[in-house]
Amino acid sequence: MKYLKFISLFVPFIHLTLAWEFALVDTYQGANFLSMFQFFSGADPTNGWVNYVSKDVAINEGLAVVSGETFSVRVDNTTYLSPNGPRRNSIRMSSTTQYDRHVSIFNVVHMPQGCGTWPAIWENGDHWPAGGEIDIIEGVNNQDTNVVTLHTAPGCYMPTSRAMTGSLLGLNCNAATNHNAGCGVSISGRNSYGSTFNSNGGGWYAMQRTSDSVTVWFWARGSTSVPWDVATGTPDAKFTNANCGDWAGDRDVYASSGCPGTCTEFVNNNPRAFTDAFFEFSWIKVYE
């Protein structure tokens, strides 16, 4: 079973027709994000320079905001931090419902961007990595292209030849090898991640999980190829808003993004740099 988490591998350029094959089972929109997701407030499993807060704290500090039918979660962007004090407040959420074979559609208006950020939307099963992990949206710092990745227990490999538009990044999905790089695909379309995604008004990501495949599609806002049932929402997820950590805070990865100093120094001393470090959702819909 998969959780919808605030974070297939295939990225084919085809129409996704859902109306005849799937039935809508859950809609996440506006205020029901707060009742249909649980807030994680433990230590960051990926060693980020972040302090995940409870739902009450998130609401009181304006880090989780409902505005009409939209929902936003963000990183604190007002507090200067001490190197030896608490880390920067942020959000990590998981759906309270699990799904098996299904389609998830994410109507995302804005995602976190900039130095020190590591946003993700993903789904995973119990007992990681045996239950698997599907990273639908993930990247770090000033990255401008989304990376879709599968992480599994040993024994899962992807073929080199697949009908898709993305670029191969790895074939061995084993989370215990290659520093947990997994078997990834870089989205080839424009505006799939970060500042370019945001300046274009966001877009739609769709993930389909069947008994033998995982497929991900992306359509930028304004795309003429987005299926009508995706755009209108008629046809499992975790959200995280991390800072630094094993990937974004890696010295070489951080420096290659053109970011100043070290990741933790930047997070501590530049709260205003996180003004754009937020997710905004029009809705998430799940079909089975």
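Colleague: So buried means under 20% relative accessible area, exposed means over 50%, and partly exposed is in between. Which of these is D100?

Modeller: This is a predicted model, by the way. D100 has a relative accessible area of 35%, so it counts as partly exposed.

Colleague: And what does D100 form a salt bridge with?

Modeller: With R209; the closest N and O atoms are 2.8 Å apart. D100 sits in the loop between β8 and β9 (102-110), while R209 belongs to strand β15 (residues 203-209), so the contact ties together parts that are 109 residues apart in sequence.

Colleague: How many salt bridges does the structure hold?

Modeller: Three. Another one pairs the side chains of R92 and D44, at 3.9 Å from N to O. R92 is in strand β8 (residues 92-99) and D44 is in the loop between β3 (37-39) and β4 (50-52), so this pair ties together parts 48 residues apart in sequence.

Colleague: 3.9 Å, N to O. Why does that still count as a salt bridge?

Modeller: Because the cut-off is a Lys or Arg side-chain nitrogen within 4 Å of an Asp or Glu carboxyl oxygen, and R92 to D44 comes in at 3.9 Å.

Colleague: Okay. Is R92 buried or exposed? And D44, buried or exposed?

Modeller: R92 is at 10% relative accessibility, so it counts as buried. D44 is buried too, with a relative accessible area of 10%.

Colleague: What about D76, which side chain does it meet in a salt bridge?

Modeller: That of R88, at 2.7 Å from N to O. The two come from distant parts of the chain, twelve residues apart: D76 is in the loop between β6 (70-74) and β7 (88-90), and R88 is in strand β7 itself. Both D76 and R88 are buried.

Colleague: Back to β15 for a second. How does it run relative to β16, and how many bridges join them?

Modeller: β15 and β16 run antiparallel, joined by seven bridges. They make a hairpin with four residues between them. One of the bridge partners to look at is A220 in β16, which goes with G203.

Colleague: How many residues of β16 are buried?

Modeller: Seven of the seven residues in β16 (residues 214-220) are buried, so the strand is largely enclosed by the rest of the structure. Both faces are covered: one side has V214, V216, F218 and A220, and the other has T215, W217 and W219.

Colleague: Changing topic: where's the cis peptide bond?

Modeller: Between W128 and P129, with omega at about 5°. P129 is in the loop between β10 (117-124) and β11 (133-138).

Colleague: What's the phi of H179?

Modeller: Positive, about 55°, although H179 is not a glycine. H179 is in the loop between β13 (167-168) and β14 (183-186). Its relative accessible area is 85%, so H179 is exposed.

Colleague: And phi of N180?

Modeller: Near 60°, again positive and again in a residue other than glycine. N180 is found in the loop between β13 and β14. At 28% relative accessibility, N180 counts as partly exposed.

Colleague: Last one, the whole chain: how many helices and strands are there, and how much of the accessible surface belongs to carbon and sulfur atoms?

Modeller: Seven helices and 18 strands. The accessible surface is about 12100 Å², with 50% of that belonging to carbon and sulfur atoms. Of the 288 residues, 55% count as buried.

Terms used:
Residues numbered from 1 in each chain as written. Predicted model: local features only at pLDDT ≥ 70, side-chain atom pairs only at ≥ 80, totals over all residues. Heavy atoms only, no water. Buried < 20%, exposed > 50% of the residue type's maximum accessible area, 1.4 Å probe, protein only. Pairing = 2+ DSSP bridges. Areas by Shrake-Rupley, 256 points an atom, 1.4 Å probe, with all protein chains shown as cover.
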